[in-house]
Amino acid sequence: MAALLEVFEAMVRFGGLIAVNDVSLRVGAGEICALIGPNGAGKTTLFNAIAGYVPLNAGRILLHGTPIQDFAPHRIAAGGVRRTFQNGGLFGHLTALENVLVGLHTQVESGFFGVVLGSRRSGVAEATASARGRKLLDLMDLGHIADQPAHSLSGGQQRMVEIVRALATDPPLLLLDEPAVGLAPPMRQILGGVIRRLAEERGIGILLIEHAIELVMSISDRVIVLNYGRKVADGSPDEVRADRNVLEAYLGHA
Amino acid sequence: MSGGTAKLPQGDAPAASWRGRRAFWLVPLLLLPVPALLNQYQQYVVNMMLMYVPVAVGFNLVVGNLGLLAFSNVAFFGIGAYTTGVLMLQAGLPWWMTIIPAGLMGAIAGCATSVPALRGVRSFYLAIMTLAFGELMRWVYIRWEPVTGGSMGMAVPAPDFLGWPLITEGRKFYVFLALALLVVIATDRLLRTRFGRAFLAIRSNEVAAAAMGIPTDRYIVLCFGWSGFAVGIGGAMYAALVGHLTPVSFDLTELLVEFAMIMVGGLGSLVGSVIGAVVITAAPQVFLDFPGFQELVFGVLIILVLLFLPNGLASLLARLHPGFRDRYHRE
Amino acid sequence: MLAQLVVSGVAAGMLYALVALSMTVVYRATTVVNFGHGDMVAAGAYAVLVFAVGLGMPFAAALALATAVLFLFGVLLQRVLLQPIIAGPHLSLAMMVLAVGFTLRGAERLEWGNEVINLARPYPRGVFMLGSVVVTMDDVVITGCVLALLLVLFVVFHVTPIGRIIQAVFQTERGAALVGINVRAFHAVMWGAGAALGAIGGVLLALIVPLTPDMGQWVLLQGFAAMTIGGFGSLYGALVGGVLLGMMQNVLGFYVGTVFIDITAYLVIILVLLIRPNGLFGRQSTVRV
């Protein structure tokens with residue numbers, strides 16, 4: 001499996017606190033990799049570093065072999081790394097469709113002057129994008145809510161719209177930040193199925209942070225455990241489940 | 001999956017919005033005979049409404065759509081007006097040739113004002129800073145006497161359009177109508193496309209916007225620049241309308257008037273900007289011209305709007321006429 | 001000469017400090033920046049005009065009454081106009097107070113037109129010499145009043161039970177609510193206090209500057225500049241910032257150019273917010289956006 005994302009010896013320090021300490025990992029195309037660990041273990045910080053919001057103090061992050069650790073977030077996103085957020089990353093005032101269209105932003109070929117002067121090309125580009133957005137929502141059975149403001153949707157629907165938005169440009173790498181939080185178990189099952197299909201059918205590499213251990217264990221190809229900023233385990237769900245260090249990380253510290 | 005076809009989609013533009021679009025063109029057509037119906041003074045007031053349209057549109061773009069508390073609008077307005085005045089007086093240019101430069105100077109000022117926003121200055125810090133910038137510009141108008149005429153101000157020569165002297169308010173009306181229309185149409189185009197969505201996305205959640213590949217810095221500058229451009233054009237219109245520029249016209253009172261326009265009209269709504277410009281310009285005409293009375297009424301009006309109609313008149317319109325719903329009006 | 005500039009600057013600075021302090025009190029208590037504060041300061045001055053000159057009351061009584069009236073005004077403002085929209089966007093609150101200030105200005109202009117009024121000083125004019133430095137009676141009165149006020153506030157804040165409540169809410173509003181402090185009433189009272197302090201500032205200002213309905217605009221910017229130097233949200237910062245501003249205006253005005261008397265405030269705001277937004281003592285507080 002080609003390495004899609006590679007993190008080498010990443011370190012993130014905030015003043016005296018080392019949030020991420022010498023962490024290395026790989027995610028391949030079509031692979032589902034889960035990042036777990038107790039609160040404060042550095043998972044979100046690592047995520048934010050990969051997405052470009054937090055600078056690395058040491059180490060490298062490579063996407064398709066290209067170092068991206070110094071890139072701005074929008075550049076990383078344009079380069080194929082998309083993400084969802086833990087609480088409400090949706091644009092509340094915008095409709096579901098508009099949210100997806102923002103996801104498509106980098107691929108909508110309407111330039112500033114073209115738009116202002118009303119060129120045919122811009123009009124076509126926008127209409128094409130609109131149609132594509134609707135189709136994407138239809139595929140997830142969300143077509144009927146396309147024109148509703150995002151803040152009026154149910155929690156489950158919002159989660160799904162956020163995923164559609166993240167997938168709009170067909171990104172090779174998807175970062176999911178606690179996608180199951182706040183969802184009831186049946187919804188979690190559905191979510192798990194969606195994530196698995198994304199990886200298997202579309203070859204998207206997925207790195208997710210999750211606290212719902214059963215979900216993680218059931219869908220992940222690999223599980224990485226962080227504790228106090230360090231990686232303490234990296235292997236298949238079964239291997240990790242049996243790893244003593246992991247048990248200690250979760251149970252040995254109050 | 002990627003790259004769609006070039007076929008126009010079927011269900012994208014609901015029939016109602018097309019109706020709204022065609023109705024839009026009815027408005028300027030209906031307005032054409034207006035100068036024949038009004039006297040000079042009434043026409044002057046209508047011209048002032050048209051002048052304020054690009055000003056309100058520009059202001060609303062930054063405060064309503066982008067969501068940044070930038071109080072620098074009056075600075076752009078003044079810069080546009082004074083650019084026109086200076087170019088006409090010092091460089092001998094005819095008025096119509098100063099319109100674009102006034103807009104450009106406004107755009108430059110806009111981009112400059114966006115710098116603190118780029119560095120993360122937000123909310124009331126940005127408000128205070130842009131307020132200080134506006135006052136600084138006013139100080140410049142007062143002090144830079146050789147160029148701006150100082151506190152006494154500068155008299156702007158008679159305006160003309162491509163040689164056609166705008167000696168009556170009626171003639172100015174047509175030129176102003178065209179300018180206002182152009183600004184509204186261009187801004188509408190921006191708002192309906194990925195630019196408008198990007199602005200709203202940045203307003204809603206800047207971090208997430210960046211995560212969608214939107215270079216937020218560039219878009220913030222763009223928004224401010226376009227806003228400055230529109231307002232600068234409004235400034236050029238002001239110079240032609242009023243004929244005399246004084247620094248006192250560009251102070252906090254003016255800021256409040258412009259704020260009233262976008263708040264009464266509806267933050268984030270293009271239609272609201274137009275409504276606000278019209279209503280607020282008309283309002284003082286209804287009341288007696290005692291010094292202070294206008295301010296009092298304005299103040300009370302804004303208070304009432306804030307308490308009872310926080311989304312402005314555009315929201316009322318949207319409620320009354322669902323097919324006419326301006327898609328960029330946000331609750 | 002430098003000493004002279006500094007000393008006269010301190011007196012003006014004390015005034016700015018008071019204005020900045022009154023704005024900071026409101027900001028700390030309710031996280032709202034009062035864009036209408038300049039006009040409330042002006043309103044205080046006009047209130048004294050009404051009571052002392054219009055109704056012929058002795059100055060001290062007029063001052064006390066004006067302060068009380070403005071206090072009430074602040075409380076009502078918060079209760080009637082701000083509380084209903086408190087959950088909305090910050091912009092609405094800023095606009096509301098701006099509109100209120102505007103309304104005050106309109107009322108003042110309606111009553112007094114655009115004429116410039118000079119308030120008679122209730123104390124004899126005089127001049128003292130501190131070595132080679134000239135100190136006017138105005139400087140003494142203003143500085144003395146502000147210092148006395150600060151002492152009172154300090155005592156209230158640190159010693160009295162009310163002060164402890166204030167401290168508690170300043171630290172954590174939620175926690176204060178949980179222990180039974182009536183936060184809503186607190187907000188109203190603090191707005192009243194801010195307006196009252198502003199009124200006192202207005203009266204002191206009126207002693208040295210002629211009254212016009214537009215004086216509030218200038219006062220507002222000076223207050224912002226002082227808060228910016230000292231750091232938003234810091235009470236000590238407001239004091240230090242105000243005094244520094246006063247001194248800077250005088251010193252720069254003399255040594256660099258008289259332009260600086262006008263524009264120091266604006267430049268300070270722009271430069272400080274760009275380079276060091278926290279000012280001297282500012283804290284990274286969560287800003288309501």
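Two residues are in contact if their C-beta atoms, placed from the backbone, lie within 7 Å. The model is predicted, so local features need pLDDT of at least 70 and side-chain atom pairs count only at pLDDT 80 or more, whereas totals for chains, interfaces and linings use all residues. Residues are numbered from 1 along each chain as its sequence is written, and chains are lettered from A and ligands numbered from 1 in the order in which they are written.

**Exercise 1. Determine which chains touch and describe the sides that meet.**

Step 1. Chain A and chain C do not touch, their nearest C-alpha atoms being 14 Å apart. Of the two pairs of chains in contact, chains B and C share the most contacts.

Step 2. Between chains C and B, 38 residues of chain C are in contact with 36 residues of chain B. Helix 4 (90-112), helix 9 (215-230) and helix 11 (259-275) of chain C each give two or more residues to the side that touches chain B. Helices (H or I, at least four residues) and strands (E, at least two) are DSSP runs, numbered from the N terminus. The largest share of this side of chain C, 17 residues, comes from helix 4 of chain C.

Step 3. By class, the side of chain C that touches chain B has 26 nonpolar, eight polar and four charged residues. Here Ala, Val, Leu, Ile, Met, Phe, Trp, Tyr, Cys and Pro count as nonpolar, Asp, Glu, Lys and Arg as charged, and the others, Gly among them, as polar.

Step 4. Between chains B and A, 28 residues of chain B are in contact with 33 residues of chain A. Helix 8 (169-192), helix 9 (194-204) and helix 10 (206-211) of chain B each supply at least two residues of the side that touches chain A. Helix 9 of chain B gives the most, with seven residues. The classes on this side of chain B are 16 nonpolar, seven polar and five charged residues.

**Exercise 2. Trace the open sheet of chain A and follow strand 9 through it.**

Step 1. Six strands of chain A form an open sheet in the order 6-7-8-3-9-10, with mixed pairing. Two strands pair if DSSP finds at least two bridges between them. The edge strands, each pairing on one side only, are strand 6 (81-83) and strand 10 (230-235) of chain A.

Step 2. Strand 7 (residues 173-177) and strand 8 (residues 205-209) of chain A run parallel and are joined by five bridges. In strand 8 of chain A, A:Leu208 is the bridge partner of A:Leu176.

Step 3. Strand 3 and strand 9 of chain A also run parallel, joined by four bridges, and A:Ile36 stands opposite A:Val225 in strand 9 of chain A. Strand 9 and strand 10 of chain A run antiparallel with five bridges, and A:Val225 stands opposite A:Ala233 in strand 10 of chain A.

Step 4. The hairpin of strands 9 and 10 of chain A has two residues between the strands, and A:Tyr228 takes a positive phi near 50 degrees there.

Step 5. Both faces of strand 9 of chain A are covered: A:Arg222, A:Ile224 and A:Leu226 on one side and A:Val223, A:Val225 and A:Asn227 on the other are all buried. A residue is buried if 20 or more other C-beta atoms lie within 10 Å of its own, exposed if 12 or fewer, and partly exposed in between; C-beta atoms are placed from the backbone.

**Exercise 3. Explain the burial classes of A:Val181 and C:Ala225.**

Step 1. A:Val181 lies in the loop between strand 7 and helix 7 (185-202) of chain A. A:Val181 counts as partly exposed because it has 15 C-beta neighbours inside 10 Å.

Step 2. C:Ala225 is found in helix 9 of chain C. C:Ala225 counts as buried because it has 28 C-beta neighbours inside 10 Å.

Step 3. Leaving aside residues up to four places away in sequence, C:Ala225 touches C:Leu245, C:Ala265, C:Val268 and C:Ile269. C:Ala225 and C:Leu267 are 42 residues apart in sequence and 8.7 Å apart in space, C-alpha to C-alpha.

**Exercise 4. Summarise the architecture of chain C.**

Step 1. Chain C has eleven helices and two strands, which follow the pattern α-α-α-α-β-β-α-α-α-α-α-α-α along the sequence.

Step 2. Along its principal axes, the C-alpha trace of chain C spans about 55 × 45 × 35 Å. Buried residues make up 50% of the 289 residues in chain C.
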